[in-house]
Amino acid sequence: MSTCSLEHPNGQEAESLPAKRLCKGECAQDGSVEGGGGKASRAVEVSIVIPVHNASCWLDECLQGIVDQDYTGSMELSVYDDASTVTIVEGWRERLERRGVSMVISGHDSAQPRGVGHAKNQAVSQSSGKYLCFQDITKRCLCFSQLIGCQVRRDPEGSTERYTRWINNISQDQLSTQVYTSHGPTVIMPTWFCSRHWFQRVGTFDEGGKGVPEDLLWFYQSVGQGGGVVRVDQCLLVYRYHQQAATHSVLEETIWNLRVAFLQERVINQWESFTIWNAGKQGRKLYRCLSSSNQKKVRAFCDVDENKIKKGFYTYEESKERPKPQIPVLHYRDASPPYIICVKLDMTGGVFEENLKSLHLEEGVDYYHFN
């Protein structure tokens, strides 16, 4: 297990420093390694990709985790330094060489960083491994079109409890069906492992910088192109939570709009009609954000709140249609699938989950979770 938390603010154009490949022995111009008994092939199986910006307080733990890996195949560490004021990677050269890990280090030293998406892309571009490991994970069985992650331990312990339970405990099937929730990717980015072939097929990370959820965008592209999602059910990463994390720069509304667009593209556009489970704020917001053609597919809202049910319907006041659309509000037992569920999981002491279970529905066919 290793710890790594490397964050980036938004950035601007800067001059990049050339990559330095640090290998055990001396690197020949053809990319082979000279040392020991002469030339040896430098074919790398796994490239560990680390974008860095002012992360010296955490980098030691991350690099120690690489040294301590029990993986016996060939590994390469690819680091791109995004305008750090202090860097400590060079100091790890000897220890990594003893472990048999070659190093590729580059970056830029301008006053402003370019952003996490750019740093990830550069670290991938300069690497050479057949498989890409984003920060830390051990090798498992691989399919070239799969994105693989693992379970995590949160630091500080107890922070983001609901999220941590979700990321560690959803089933293998739910890794594909719960991709539309507000939690984001169903395997977290610091644990991603995929083939270089698949990364190149999906494409590079968005380089918009601060405020852009580059990991969610890439995840959606991967799923949209038919990529599978797999989780290794071992805790292989300490996932640090802190207020300086780049994720806090992304607006909730940005995430919401991306989720709605992906949900419509992958699910709702293929349905003839459906029910929104939750006649409250979140359900109504989803309805308002749908395309006009998909709004017409909503046959009803459903809920357990007697006051909402007694009212009988929801009126879409902002509509330019006349008369304004009125959508029935039903008790969930009187509604019919398929459902888009806008009720938060793990918030009702199990009551909602039991209600849903009582209907004997199949997730990914009869319903999808959105919140």
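The paragraphs below lead through a predicted model of one protein chain, from its overall composition to individual residues and backbone features.

The protein chain has 371 residues, of which 52% count as buried. Its secondary structure comprises 12 helices and 18 strands. Among contacts between residues at least 6 apart in sequence, 78% join residues at least 24 apart. The accessible surface amounts to about 17,500 Å², and carbon and sulfur atoms account for 47% of that area.

Confidence should be considered next. The mean pLDDT of the chain is 85, and 83% of its residues reach 70 or more. Over residues 22-41, however, the pLDDT is below 50, although this stretch has 33 contacts in the model beyond near neighbours in sequence. Residues 136-142 likewise stay under 50, and the model gives them 26 contacts beyond four places in sequence.

Within the interior, helix 3 deserves attention. This helix spans residues 116-125, and 8 of its 10 residues are buried, so it is largely enclosed by the rest of the structure. The buried residues are Val116, Gly117, His118, Ala119, Lys120, Asn121, Ala123 and Val124. Their packing partners are strand 6 (46-52), strand 7 (75-82), strand 9 (131-134), helix 6 (196-202) and helix 7 (214-224).

Helix 7 contains Glu214, a residue that links back to helix 3 through its contacts with Val116, Gly117 and Lys120. Leaving aside neighbours within four places in sequence, Glu214 is also in contact with Phe205 and Asp206. The side chains of Glu214 and Lys120 make a polar contact at 2.7 Å. Glu214 has a relative accessible area of 8% and is therefore buried, the cut-off being under 20%.

The backbone also merits inspection. Most residues other than glycine have a negative phi, and most peptide bonds are trans. Against this background, the peptide bond from Arg322 to Pro323 is cis, with omega near -5 degrees. Pro323 lies in the loop between strand 15 (313-315) and strand 16 (326-331). A cis peptide bond also joins Pro337 and Pro338, with omega about 5 degrees; Pro338 is in the loop between strand 16 and strand 17 (339-341).

Two residues that are not glycine have a positive phi: about 130 degrees for Asn278 and about 60 degrees for Asp346. Asn278 occupies the loop between strand 13 (274-277) and helix 9 (281-289), and it counts as buried at 14% relative accessibility. Asp346 is located in the loop between strand 17 and helix 12 (351-358); at 36% relative accessibility, Asp346 counts as partly exposed.

Notes:
Residues are numbered from 1 along each chain as its sequence is written. This is a predicted model: local features need pLDDT of at least 70, side-chain atom pairs count only at pLDDT 80 or more; totals for chains, interfaces and linings use all residues. Side-chain values use heavy atoms; hydrogens and water are left out. Helices (H or I, at least four residues) and strands (E, at least two) are DSSP runs, numbered from the N terminus. Buried means under 20% relative accessible area, exposed over 50%, partly exposed in between (1.4 Å probe, protein chains only). Contact means heavy atoms within 4.5 Å. Accessible areas come from the Shrake-Rupley method with a 1.4 Å probe; for residues, only the protein chains shown count as cover. A polar contact is a pair of N or O atoms within 3.5 Å; within protein, one must be able to donate a hydrogen and the other to accept it, and residues adjacent in sequence count only if both atoms are side-chain atoms. pLDDT is the predictor's confidence in each residue, from 0 to 100.
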